[in-house]
Structures are given as C-alpha cells and as structure tokens.
Amino acid sequence: MGSRLVAGVLATGAAAGIVANVVITSRIVASRGVPLPVTEWVYMVVALLMPALGWLLATRRPELRYGWLLLVCALFLGVGLTGTGLSVTGAAPRWLTAPLSSVLAAFYGLNWIFVPLLFPEGRLPSRRWRAFAWISGIAIALHAGGLMLGGPQRVLESTLTLVGVLSAAAGQLTTWIMAAIGFCGLVLRWRRSARVERRQYAWMVGGVATSLLGGVAQMVFMTRASMLALLGTVAMTGALPVAIGVTVVRHRLLDIGIGIRGSRLHLIFDVRPTVDEVLSDLGTALADAPEPAEQLGRVAVAVRTALEATWAAVTLADGTRVVAGRQEGPATLTVPVHGGLGRIECGPRGVGGLTRVDRRLLEALAVPAGLAIQSAGLATRLVNAQEAERRRIERNIHDGVQQQLVALIAGLELARSTGASPDMLAHLREQARQTLADLRELAAGIHPSALSQGGLVEAVEERCSRLPVRTTVTSDPGLRARRFADEVEGAMYFTVNEAVANALKHAGAATIEVGLSHAGGRLRAMVADDGKGFDPGATARRGLATLSDRLDALGGGLDLDSSPGKGTRVKAWVPVDG
C-alpha cells in the first residue's frame, strides 16, 4: 500500500508539472493572439507517457527499481518544465526559476544514460559499469549545478557565474560522451541477448537512438526553425517511453502485458502478481486445503503459476514428491526449504528465461512451503502413531485379556460338567478378578476414567499411586479444580504416563518427581527421575517422539534433558486459555 501511495504522488507531481508548462505556454501564446500549435498538445501527451509507465511498473513490480527510475525521471521533467514556463513569463523570481529549470539537466542525463543503462530491471549490467555510473552521475550534477549558477540572467557574482558556465559546459559535454558510450553498451547487450530479450532490447536501442537524435535536433534548430526544434524535443522526450510501452504491450516487459478484450475497448493489464499477492493467495489456498498432501500440491501450483513455468514440484526430504504440470527435463531453478525439509523445483518458463526476480519469488515461497511440509510430516507421523497404537491395543487384547477369557470360559465349562469344588470356584473367581483388572489397566491405557471424571491432577495422582517406587506429585493451587479441553488433558496425561514408564523400565529410577503447573497461558508438566540417564542424541526417544508430535499439533512442545549418570527430566507444555 505504501509503494502505491509513493508511486501515485510521484506520478501526479510529474504530470502536474508537464501540464502546467503547457498551460503557461498557452497563456503566453493566447496573449499574443496566436493559437497554440497542435505540436504542444502532442508534446504534452507524449511527455505524460513516462509518468504513466513509471506508475504502472512501480505499482505492479515495486520490488524492481526500474519503475521508480522512470518516475524520478518524469518528476525531473515536470519540475524542469514548470521552471522553464515560469522563467519565460517572468511570473517568478530568478532564485526560484533557476533551480527549477536546471532540473531539466538531470532529466536529460537520466533519460539518455540511466534509463537505457538500467534496462530492464533497474540494475547495472555488471560490476564493470559502476565507474561509468559514478562518472555519469557527477557529470549530470555538474550540468544541473552549472545551469543554476550561470544562467542567462546575471544575478550572482561574475566569478560564480563563470564557474557555473564552465561547470555546465563540462557536465553537458561529459553527459553526451557517457550517453554515447552507454548507447554502444546497449547495442552490445542487444546483440548478445537471448531471442526473447533481443526483441525488447531492439526497441530500447531504437528509442535511445531516436531520443539522442531528437536532442541534437533540438540544439541545432533551436534558433533557426522552432518547429523542427519542437519536433526534436518531442522525439527526445517521448522516444524512450514509447519504446518501453511497446515492449510492455508486445513483448511482456517485466511480465506485464496489455490487451483488448470484448466488443468494447477494455484495457486488460495481464500482470504477473507481486510477491505479496502470491503469498496472500497461497496463504488462503493453504487454509482451504485441510489435507497436507493437498497443501503441497497447492504450493506446487502456486509456484508454477507465479513463475509461468512449464512445471513445478515440491520434494520432501524422504523422497515424497508432488508435481504441478508435466515434468520434462531437469529443473531450471531449485531452492531449498529452510531446515532441510525438502526443496522447490521448477522447469523452464513458457516464454523467456527465469531471472533473479524469479529466484527471489521462489525463495519467498519457500517459507510457506516449509510450513506445509512440516504440516504434512507431522500429520504422517500422527497417522503412523495412531496406527501403531491401534495395533498395540489389538495385540494386548489378543495376547492378554482374550486368552484369559478363553481360559475362564473353559474352566467354567469344566466346572459345570464335573461339578465344581470349592478350590476350583475360588480359582475361577480369582481368574475373573485378574481378567477384570487387566481390562481396567487396558482401558486406562486408552483413556483413564479418572481423567474423564476427576481431571488431569487426579488422573496423574491415581497413575503414580500404583508405582513401585517413591513418587511425589505436586501441582499449583487451584489446578485440581480446573478442567481443560479433552485433547489437552489427554496429551499431558499420556506424556506424564510415558515419561514415568520410561523411568521405571529403562532408567532404573528409585524416586520420581512429577510437577503440574499453569502460568502464562501454558499448561506445563514435568517428570524428573534419579535414574541412570542417557544421551538423547544417541538414543531414540521411542514413545516420547509420538507424544512430541501430538503436543506440536496442539501448538505446544516437549523438552528432554538427560545425560549418563545424572537422571532424566522431561518438560511438556501446551497453550491454554486463561
């Protein structure tokens, strides 16, 4: 929004100055009873092309400098023309009109040197052109400053006036020399460019040549034939905007095209979206795609559409690959996704080649792509964890409770057929009690009743009360009466349960401490033991890895602190309201 506002202000200021010059000139001519020549109006229309094109490029491709260069050049033209008009009428003092009129020298320099030099992206062709750019900038400054000091109306001291005249002459001569050198460099770039870019450079070469010839005509015929001088001025001012406009309409300069659609006249700006627009649209698309695989597909489609590539692909670190379009040949551009999660690839463009701007766009898209890849990986791990948990429960039922029930049924049948003795009935009763206890333990592993009825603190205390080692459970005051969402309480309970189980099975702990707290919008759980500890970097986290994914899905996290001989401390947290 800020770039659009600045571009609008610059374009409006430039256009106002151009129009003001024609208005001032028309009043002078009207006072003499002579109609204003048509060429003056033609000149105004042609001069307005530059601020219009600058505004279009700056608003649609604000990340490029070329549109801003055209706007600054147009602003110098408008200010200089306003100063010239005021100087001719004598309606303003010299100290005001001299600086304004001298700005035209900056317009000439930018128009002949920097507009061709920085074509089309607003960057120097190579580092070797830096000295050329510095010399040109100094020459333009000398020309403008000299005109300000040594104008036709002597109002300054003679020494300063002489310095101004000499500075203006040196700056103007150097500007012409640098413009000629820059034109030769532009011709070389045209000859060496690719087929698509060559057509764009051809129009720029023609525009620069016409503008330079127009400048020569303006100086040669300024005192001899005013009409030829005016035509030269029109050619000098409008040749480059016309050339740039043609490359926009016919050759999609900077991926901007203008067309006419329908029976009526409608100008359609077929502009490649900006980085902000692509990211905004992609964010909406990802929000509307609940499935992770679909999110990866939409990232690939966004890359292909934004770069107008024949194909684009998102590849995960595990080899999973989603392709938009039909892949043919190797990737033309590849950008890694942050964190080593994967990479984004794209094939060649349908028209033209990929540029540095395309790479920057692809790097910007790598951020939401990384989030989509993380989402896909997390969802996959959760699905795998759910499947593993289902199989564990199935195995426990088959190998444990199911076998006990079969044995209990067989015992009951035997007791019915043979006549049950007191000892057999007592044995069957104890077997039934054990089966019931195993069922309760199994149900507690799925979702303990104490968690559903009493809450997190009560469920953790009930679980720790049955441990064979000394265990202490502490909680914040008031936390026992608080209830949270089922998924939050379940995630924290099973995290504590898994950490306690690991302390018993693997750490050989003699004491275990469990702490529950709620502060700063987070529900926290801590499990510490005095066991033998381990190296987290060299040992798989087993069940805690699954629980970590579960906490990540809730926006929380899990930290593990352990080392050999120093016990283990597990910290988990999830965000909660209140």
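**Entry 1. The sheet of β3 to β6**

I began with β5 and strand β6 (residues 342–346), which pair in the antiparallel sense over five bridges. The model I am reading is a predicted one. Within this pair I looked up proline 336 and found it opposite arginine 343 in β6.

I then asked in what order the four strands of this open sheet lie. The order is β4-β3-β6-β5, and the pairing is antiparallel. β4 (321–325) and β5 (333–337) stand at the edges with a single partner strand each, so one side of each is left without a neighbour in the sheet. From one strand to the next, I note a twist that averages 15°.

Next I followed strand β3 (residues 311–316) to β4; five bridges join the two, and they run antiparallel. For valine 314 I recorded valine 322 as the bridge partner in β4. The hairpin of β3 and β4 has four residues between the strands, and glycine 319 there takes a positive phi near 100°.

**Entry 2. The sheet of β7 to β11**

I turned to the open sheet of five strands, whose order is β7-β8-β9-β11-β10 and whose pairing is mixed. Which strands stand at its edges? They are β7 and β10 (557–562); each has a single partner strand, so one side of each is left without a neighbour in the sheet. Direction ignored, neighbouring strands of this sheet are turned by 10° against each other on average.

I examined the parallel part of the sheet at β7 (residues 470–475) and β8 (residues 511–519), which pair over six bridges. Two positions went into my notes: arginine 470 stands opposite threonine 511 in β8, and valine 473 stands opposite valine 514 in β8.

On to strand β9 (residues 522–529): eight bridges join β8 to β9, and the two run antiparallel. I looked up valine 514 again and found that its bridge partner in β9 is valine 527. Valine 514 thus appears in both of my lists, facing valine 473 and valine 527. β8 and β9 form a hairpin with two residues between them, and in the turn I noted glycine 520 with a positive phi of about 65°.

**Entry 3. Helix α16 and its surroundings**

I traced the connection from β7 to β8 and asked of which hand the β-α-β unit is, left or right. With helix α16 (residues 486–507), β7 and β8 make a left-handed unit. I also checked where α16 lies against the sheet: the helix lies across β8, β9, β10 and β11 (568–575), and runs at about 10° to β9.

I then compared α16 with helix α15 (residues 456–464). Their axes come within 10 Å and cross at roughly 20°. The crossing angle is under the limit of 35 degrees, and α15 and α16 are therefore roughly parallel to each other. I recorded the crossing of α15 past α16 as right-handed. On the α15 side the contact is made by Leu456, Ala459, Val460 and Arg463, and on the α16 side by Glu489, Met492, Tyr493, Val496 and Asn497. I sorted the residues of this contact by class: six are nonpolar, one is polar and two are charged.

**Entry 4. Helices α5 and α6**

Last, I looked at helix α5 (residues 94–117) and helix α6 (residues 130–149). How do their axes cross? The axes come within 8 Å, at roughly 160°. This angle is over the limit of 145 degrees, and α5 and α6 are therefore roughly antiparallel to each other. α5 passes α6 in a right-handed crossing.

I listed the residues that meet. From α5 they are Arg94, Ala98, Pro99, Ser102, Ala105, Ala106, Gly109, Leu110, Ile113, Phe114 and Leu117. From α6 they are Phe132, Ala133, Ser136, Gly137, Ile140, His143, Ala144, Leu147 and Met148. By class, I entered 14 nonpolar, five polar and one charged residues for the contact of α5 with α6.

Terms used: Residues are numbered from 1 along each chain as its sequence is written. This is a predicted model: local features need pLDDT of at least 70, side-chain atom pairs count only at pLDDT 80 or more; totals for chains, interfaces and linings use all residues. Side-chain values use heavy atoms; hydrogens and water are left out. Two strands pair if DSSP finds at least two bridges between them. A crossover is right-handed if, with the strands pointing away from the viewer, the path from the first strand over the helix to the second runs clockwise. Axes are lines fitted to C-alpha atoms, for helices over the stretch in contact, and angles run from 0 to 180 degrees between N-to-C directions. Angles under 35 degrees count as roughly parallel, over 145 as roughly antiparallel, 65 to 115 as roughly perpendicular and the rest as oblique. A crossing is left-handed if the near helix is turned anticlockwise from the far one by less than a right angle, and right-handed if clockwise. Contact means heavy atoms within 4.5 Å. Ala, Val, Leu, Ile, Met, Phe, Trp, Tyr, Cys and Pro count as nonpolar, Asp, Glu, Lys and Arg as charged, and the others, Gly among them, as polar.
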